[in-house]
Amino acid sequence: MKKLIKNGTIVTDSQVFRADLLIEDGKIRLIGENLDTNDAEVIDAAGKYVFPGGVDVHTHMDLQAGKYRAVDDFYDGTVAAACGGTTTIVDHMAFGPKGCSLWHQVEEYHRIADGKAVIDYGFHGVIQHVNDTVLKEMGEIAAQEGITSFKVYTTYDFMIKDDGLYQVLKQAKEDGIVIAVHCENDGVINHLRHEYIENGCTEPKYHPLSRPAGCEAEAIDRMIHLAAMAGDAPLYIVHLSSKEGLLEVMKARKAHQANLAVETCTQYLTLTDDMYQDPREGLKAIMSPPLRRKEDNEALWAALRDDLLDTVATDHCPFNYQVEKQAGANDFTACPNGAPGVEERFRVMYSEGVAKGRISLTQFVKYLCTNPARMYGLYPQKGTLLPGSDADIVIFDPQKSRILTHDDMHSAVDYTCYEGMKVQGDIDLVMQRGNVIVKDNQFLGKRGDGRYLKRGKGIIAE
Ligand code: URP
Ligand code: ZN
Ligand code: ZN
């Protein structure tokens with residue numbers, strides 16, 4: 001059945017214009033004025049924006065993190081994503097058993113996602129040690145699985161040291177693979193964590209103090225130099241949180257470092273470290289890197305306005321406040337790190353970004369839809385509205401508003417960090433490949449309808 005979206009305002013990363021949009025066989029067939037056809041179901045979008053479906057390239061569904069497991073599996077998490085206007089995710093895998101082959105987690109993730117996801121999904125691989133086998137497997141997995149990006153961490157148990165990072169970056173350059181990196185200085189963080197706990201400073205408010213912005217900035221600077229020394233290897237910095245880290249990015253931009261992309265997340269733009277002041281509420285916001293100051297929020301908004309960053313993701317990694325997060329009640333270092341956000345991103349970013357005049361409509365689409373797809377080899381199938389693209393579409397009413405509350409959300413987690421926030425604008429409906437999967441905040445799709453995406457080369461790896 002054809003569908004015709006009439007009279008909407010089409011928004012892409014470069015244009016805003018009034019037009020109709022015809023969908024056939026799950027693809028966008030035509031965009032133009034006064035389109036008419038007898039055999040199409042007509043959806044009136046007068047006064048509404050027609051956006052590409054959101055692409056969130058940083059989620060952790062069903063993540064096993066030490067003894068805790070994130071509470072959204074690939075069903076609940078992707079239902080939440082869909083209801084929040086996101087029609088594609090690229091999920092970051094958890095670490096596997098010590099010493100495992102790179103293939104181990106690829107197989108595990110197909111097992112946990114297949115038959116569950118309700119939106120289309122891909123995976124980033126994860127590198128947890130470096131040897132000749134791992135370096136060889138990177139190219140094999142990219143070619144056979146379309147997993148064209150791998151993540152490394154500069155902290156946590158399976159952090160990679162500089163010599164390993166350099167080898168991975170060189171291999172990535174050779175194979176056309178993007179290296180995504182979590183940047184924090186491990187040595188300083190571990191020292192501070194031990195020092196705080198030994199001195200009885202156990203409350204959540206010590207979490208941000210144990211992971212200062214300088215730790216992020218140092219690791220960003222180091223990664224940027226390692227990537228340059230590896231021949232301008234494709235480097236994607238995940239979840240930039242601080243002004244200090246941003247200054248290192250700006251230095252690299254000024255020096256015209258090639259093949260560098262940078263992501264921030266909704267929470268680093270809209271929430272602050274004030275959340276840690278209440279010992280109970282603070283647990284909800286224990287994530288790494290931690291929330292920063294208002295001044296950091298504003299610096300990141302300015303960077304988005306000035307086109308200095310590339311994407312806005314969520315790092316969705318939910319643990320229940322009443323259960324898993326309580327492990328940190330008497331020791332912040334024992335709390336599982338991470339917070340929900342996949343369902344909130346689209347509405348919060350529209351309201352705090354576009355409605356408040358901090359970014360334009362086209363920048364909104366660029367950061368939430370088009371650039372994430374470009375960075376990770378999904379464009380133009382995903383992230384845009386072009387004839388031939390998948391008909392992944394959000395119809396959005398800028399006149400409506402909503403108070404965000406956990407009760408209206410679909411994730412399996414028991415809280416939202418945005419409880420009570422009034423957002424301007426709301427999602428009317430969401431389509432995936434031409435099927436309406438969400439209407440008026442009700443999920444209408446089907447378990448297992450999401451397809452695995454074999455990705456091409458990310459734009460910085462071409
Ligand atoms: O605290 C966080 N962000 N947990 C998820 C894993 C990561 O570091 O991205
Ligand atoms: Zn991270
Ligand atoms: Zn993450």
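Two strands pair if DSSP finds at least two bridges between them, strands being DSSP runs of E with at least two residues and helices runs of H or I with at least four, both numbered from the N terminus. This is a predicted model, in which local features need pLDDT of at least 70, side-chain atom pairs count only at pLDDT 80 or more, and totals for chains, interfaces and linings use all residues. Residues are numbered from 1 along each chain as its sequence is written, and side-chain values use heavy atoms, with hydrogens and water left out.

An open sheet of 8 strands follows the order 6-9-10-11-12-13-14-15, with parallel pairing. Strand 6 and strand 15 stand at its edges with a single partner strand each, so one side of each is left without a neighbour in the sheet. Strand 6 is joined to strand 9 by 4 bridges, the two running parallel, and Val55 stands opposite Thr88 in strand 9.

Helix 3 has 14 residues, 132-145, and should span 20 Å at 1.5 Å a residue (the expected span being 1.5 Å times one less than the number of residues), which agrees with the 20 Å between its end C-alpha atoms. Buried residues (under 20% relative accessible area, with a 1.4 Å probe and protein chains only) in helix 3 include Val134, Leu135 and Met138.

The elements below are among those that cover the buried residues of helix 3, by contact of heavy atoms within 4.5 Å.

| Element | Residues |
|---|---|
| Helix 2 | 102-113 |
| Strand 11 | 149-153 |
| Helix 4 | 162-175 |
| Strand 12 | 178-182 |

Just after helix 3, Gly146 takes a positive phi of about 65°.

Key
Chains are lettered from A and ligands numbered from 1 in the order in which they are written. Buried means under 20% relative accessible area, exposed over 50%, partly exposed in between (1.4 Å probe, protein chains only).
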